[in-house]
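Colleague: I should be grateful for some guidance in reading the structure shown below. May we take its features one at a time?

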Amino acid sequence: MPVAYSGERSAELPAEVRSLENPAVPLSQMSSWDDLTGHVSGGSHAGVVVTPDSAWRVSAVYACINTIASTIATIPIGVFKETKLGRDLDPKDPLQLLYEYGPDDFLNWSDFMYVLVAAALSRGNAYALIERDTYMKPLSIRFLEPGECQPIYVNMGRQRYLYYNVFGEIVDKRDIIHIRCLGTNGIEGKSPIELFANGIGLSLAAEEFGGRFFGQGAGGMGVLETGKVFKEQATVDRLRKQFAERQTGLQNAHKPLILEDGMTYKQVTIPPNHAQFIETRNFQVEDIARMYNVPQHKIGKLDRSTNNNIEHQSKEFITGTILPWTVRIGQEFKRKLIAEAEKPSKEVVWDYDFLLRGDSVAQAAQTQALFNTGSITQNEIRRRNNLNRLAGLDDTFVQMNMQRVLPGSHMGAPDPSSTTETTPSAADKTKPAADTKPSADA
């Protein structure tokens with residue numbers, strides 16, 4: 001059983017505790033001992049420290065995480081139970097009640113799914129604590145922030161154990177919702193931001209370079225050359241300070257430069273066009289979109305999108321990116337939130353219908369095809385279009401020129417090569433036998 005934690009205990013903790021070795025990293029957000037010592041596992045060769053928090057400053061990273069998390073958060077979810085006619089929504093299931101009324105007192109279901117998926121995409125793992133009553137019925141689901149939960153995996157050969165450390169207490173694995181990214185041990189997922197720290201660090205470095213370049217008046221760095229030798233260091237310091245104060249910064253951009261003692265100015269920095277500044281930033285957007293498997297038009301990059309392929313790319317985003325996440329999340333919910341005795345007859349179902357809809361012409365053609373085959377009723381069509389039910393519109397129809405395939409038709413007829421005997425029909429059996437009178441010759 002999970003332990004209920006009071007607000008008084010959390011109130012005793014300081015608002016933010018930081019490492020003495022690396023004050024830039026809060027202790028509440030550390031994922032390994034590397035963060036404690038300052039050797040962050042997400043370090044980059046660009047000279048920029050990359051963490052899940054700093055990576056959010058890259059617009060492409062934020063857009064990818066926001067797109068995936070917000071899409072999953074808006075998909076309706078339901079618990080369906082098998083019936084004689086198929087399956088129906090179970091409005092009394094505990095998971096269905098949590099979906100309708102919220103997982104806890106602080107978040108609604110959409111916000112809960114939003115932060116849960118965002119945490120998994122940025123840190124590789126997302127955790128939530130299930131609180132149950134005495135009958136093991138789930139009462140609430142509490143989202144756990146990074147650092148509040150840590151898995152404890154013990155491998156003893158044939159015997160394996162998995163627990164979770166939540167606020168210093170050991171919690172059984174059945175009471176923890178664990179959503180993970182791709183990993184190697186099946187227990188913890190690896191953070192995409194740490195795996196691709198070099199690419200994200202390059203984006204941060206390019207953004208910082210652009211900000212400093214334009215912040216200093218887009219003039220770059222240079223040197224003052226002269227044939228005179230300055231014997232006093234104070235003179236050198238005065239010239240350096242005077243030049244920096246009068247030439248750097250937006251307020252001094254494009255001001256005339258006045259030199260003394262025959263000095264000349266020589267620019268030594270690489271211009272942004274030579275450093276391929278714009279190309280670098282464009283490539284990093286593509287690289288980050290590839291990292292999260294998100295079409296580029298979903299994060300605002302439309303240079304390769306057209307009216308003909310953008311709808312197809314949107315459907316690929318649903319089937320290739322959203323569907324794998326919802327399948328894993330749905331299986332985790334079923335395993336942890338549905339009673340053991342009801343698991344064979346219940347299923348967690350996501351409604352992708354409104355995400356997979358095409359344009360109005362394609363949607364009308366699909367609806368007409370379903371109605372003509374008797375698959376849906378008129379009231380079901382009205383419900384799809386947010387219209388109220390009407391009396392007398394709950395029947396299904398088929399076209400009159402269509403009929404059921406009978407056994408005597410070409411689809412149900414026996415194969416002539418399989419038998420040589422002919423079976424008398426019902427009409428032959430009821431037909432009176434012919435008179436067998438002896439002939440005159442007899």
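**Aromatic rings, sheets and a helix crossing**

Modeller: Phenylalanine 112 has a relative accessibility of 0%, so this residue counts as buried. Please keep in mind throughout that the model is predicted.

Colleague: Is tryptophan 109 buried or exposed?

Modeller: Tryptophan 109 is buried, because its relative accessibility is 5% and the limit for that class is under 20%. Tryptophan 109 and phenylalanine 112 both belong to helix 5, where three residues, about one turn of the helix, separate them.

Colleague: How is a pair of aromatic rings described?

Modeller: Two quantities are given: the distance of the centres and the angle of the planes. A search of the whole structure finds six aromatic pairs. One of them joins tryptophan 109 and phenylalanine 112, with 5.5 Å from centre to centre and 50° between the planes, a tilted arrangement.

Colleague: Which residues do ring pairs link into a cluster?

Modeller: The cluster consists of Tyr99, Trp109, Phe112 and Phe333, linked by ring pairs.

Colleague: Why is the pair of phenylalanine 371 and phenylalanine 397 called tilted?

Modeller: The planes of phenylalanine 371 and phenylalanine 397 stand at 45°, with the ring centres 6.0 Å apart, so the pair is tilted. This pair links distant parts of the chain, 26 residues apart: phenylalanine 371 lies in helix 12 (residues 360–372), and phenylalanine 397 in the loop between helix 13 (378–384) and helix 14 (426–430). Phenylalanine 397 is partly exposed, because its relative accessible area is 41%.

Colleague: Let us turn to the sheets. How do the strands of a sheet pair?

Modeller: Strands pair through backbone hydrogen bonds, and the pairing is either parallel or antiparallel. In this model, one open sheet has three strands in the order 2-1-11, and its pairing is antiparallel. Strand 2 (86–89) and strand 11 (346–350) are at the edges; each has a single partner strand, so one side of each is left without a neighbour in the sheet. From one strand to the next, the twist averages 40°.

Colleague: How many bridges join strand 1 to strand 2?

Modeller: Strand 1 (residues 77–83) and strand 2 run antiparallel and are joined by four bridges. Threonine 83 has glycine 86 of strand 2 as its bridge partner.

Colleague: Which helix lies across strand 1 and strand 11?

Modeller: That is helix 10 (residues 310–337), which runs at about 150° to strand 11.

Colleague: What is the order of the strands in the open sheet that contains strand 6?

Modeller: The order is 5-6-7; these three strands form an open sheet with antiparallel pairing. Strand 5 (149–156) and strand 7 (169–172) are its edge strands, each pairing on one side only. The twist averages 35° from one strand to the next. Eight bridges connect strand 5 with strand 6 (residues 159–166), and these two strands run antiparallel. Valine 154 is placed opposite tyrosine 161 of strand 6.

Colleague: Finally, at what angle do the axes of helix 3 and helix 5 cross?

Modeller: The axes of helix 3 (residues 59–74) and helix 5 (residues 109–123) cross at roughly 145° and come within 8 Å. The crossing is right-handed.

Colleague: Which residues meet there?

Modeller: Helix 3 contributes Ile65, Asn66, Ile68, Ala69, Ser70, Ile72 and Ala73, which meet Ser110, Met113, Tyr114, Val117, Ala118, Leu121 and Ser122 of helix 5. The residues of this contact comprise 10 nonpolar, four polar and no charged.

Notes
Residues numbered from 1 in each chain as written. Predicted model: local features only at pLDDT ≥ 70, side-chain atom pairs only at ≥ 80, totals over all residues. Heavy atoms only, no water. Axes fitted to C-alpha atoms, helices over the stretch in contact; angles between N-to-C directions. Left-handed = near helix turned anticlockwise from the far one by under 90°. Contact = heavy atoms within 4.5 Å. Nonpolar A, V, L, I, M, F, W, Y, C, P; charged D, E, K, R; others polar. Pairing = 2+ DSSP bridges. Phe/Tyr/Trp six-rings, centres within 6.5 Å; stacked < 30°, edge-to-face > 60°. Buried < 20%, exposed > 50% of the residue type's maximum accessible area, 1.4 Å probe, protein only.
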